[in-house]
Amino acid sequence: MQEQIEQPGNSRVWTIPNLLSMARLGGVPLFLWLLLGPEADGLALVVLLVSGITDYLDGYLARRLNQFSSLGEILDPVADRLYILAVVIGFALRDIVPWWVAIILPLRDLLLWGLVPLLRTRGYSSLPVHFLGKAATFNLLYAFPLLLLGEGVGVLPTMAEVFGWAFAIWGIGLYWWAGLLYVWQVRTLLHDTPRRTTTSGD
């Protein structure tokens with residue numbers, strides 16, 4: 001693990017990756033309204049697809065254009081978590097997924113948020129992004145559009161539902177696996193790193 005260290009350019013706000021993440025955040029209430037209000041599933045599906053594309057693009061462009069920023073490190077995972085939360089709650093209200101799905105995913109995030117005060121006692125503000133966590137988010141962001149498409153009738157919706165649940169099950173499993181690895185990392189960190197003491201010069 002590494003502490004969050006300020007580097008030149010880290011305080012930039014108006015970068016292309018950050019604008020994409022902000023757009024994704026703005027899409028969360030739009031998606032919920034389309035899904036639960038007029039039940040415009042086609043448009044809601046478009047919002048989900050755009051969210052998945054921009055989730056890939058913001059990371060790619062940050063690396064390609066060297067536009068990393070401290071804000072971007074916050075916006076990207078926050079947008080992912082809000083989309084996952086909004087989708088599973090919206091889907092549960094529409095009976096697209098059972099309620100246990102809408103409960104088990106946010107529970108994992110609550111568990112990790114509860115670890116933050118422990119991290120701060122060792123001078124860390126967050127956990128490093130783990131490959132399994134990225135893989136889990138990737139699976140879930142693919143599962144959601146397929147599950148929504150699976151609400152129709154016919155061969156294509158049936159196939160979409162099957163593949164959607166395959167991605168969802170893998171995503172949920174990886175999501176919790178990554179969460180348990182984070183817990184183990186924090187346990188190791190607390191054991192191996194002395195408690196940070198605050199002095200008047202800090």
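How do the axes of α6 and α7 cross, and within what distance do they come? In this predicted model, the two axes come within 7 Å and cross at roughly 155°. Since angles over 145 degrees count as roughly antiparallel, α6 and α7 are therefore roughly antiparallel to each other. The crossing in which α6 passes α7 is left-handed, and the residues that make up the contact of α6 with α7 divide into 23 nonpolar, five polar and one charged.

One residue of α6 can be followed further, namely Asn139, which has its place in that helix. With a relative accessibility of 12%, Asn139 counts as buried, because the cut-off for a buried residue is a relative accessible area under 20%. When its neighbours within four places in sequence are left aside, Asn139 is found in contact with Phe167, Trp170, Gly171 and Leu174.

A wider view is given by the largest nonpolar core, which has 40 residues. Among these, Phe31, Leu48, Phe91, Leu105, Phe144 and Leu148 touch the most other members. At least two residues of this core are supplied by each of α1 (16-36), α2 (41-64), α3 (70-93), α4 (99-113), α6 (131-149) and α7 (155-192), so that both helices of the pair described above contribute to the core. In soluble globular proteins, nonpolar side chains tend to be buried together. For Phe31, one of the residues that touch the most other members of the core, the contacts can be listed individually: not counting residues up to four places away in sequence, Phe31 touches Ala44, Val47, Leu48, Ala86, Val87 and Phe91. Two of the residues in this list, Leu48 and Phe91, are themselves among those that touch the most other core members.

Attention may finally be turned to two loops and to the backbone angles found there. Most residues other than glycine have a negative phi. Asn66, however, has a positive phi of about 55° although it is not a glycine, and this residue lies in the loop between α2 and α3. Asp95, which is likewise not a glycine, has a positive phi of about 60° and lies in the loop between α3 and α4. Because residues with a relative accessible area over 50% count as exposed, Asn66, at 53%, is exposed, and Asp95, at 65%, is exposed as well. Asn139 in α6, by contrast, counts as buried.

Definitions and conventions. Residues are numbered from 1 along each chain as its sequence is written. This is a predicted model: local features need pLDDT of at least 70, side-chain atom pairs count only at pLDDT 80 or more; totals for chains, interfaces and linings use all residues. Side-chain values use heavy atoms; hydrogens and water are left out. A nonpolar core is a set of buried Ala, Val, Leu, Ile, Met, Phe, Trp, Tyr and Cys residues joined through side-chain atoms within 4.5 Å. Buried means under 20% relative accessible area, exposed over 50%, partly exposed in between (1.4 Å probe, protein chains only). Helices (H or I, at least four residues) and strands (E, at least two) are DSSP runs, numbered from the N terminus. Contact means heavy atoms within 4.5 Å. Axes are lines fitted to C-alpha atoms, for helices over the stretch in contact, and angles run from 0 to 180 degrees between N-to-C directions. Angles under 35 degrees count as roughly parallel, over 145 as roughly antiparallel, 65 to 115 as roughly perpendicular and the rest as oblique. A crossing is left-handed if the near helix is turned anticlockwise from the far one by less than a right angle, and right-handed if clockwise. Ala, Val, Leu, Ile, Met, Phe, Trp, Tyr, Cys and Pro count as nonpolar, Asp, Glu, Lys and Arg as charged, and the others, Gly among them, as polar.
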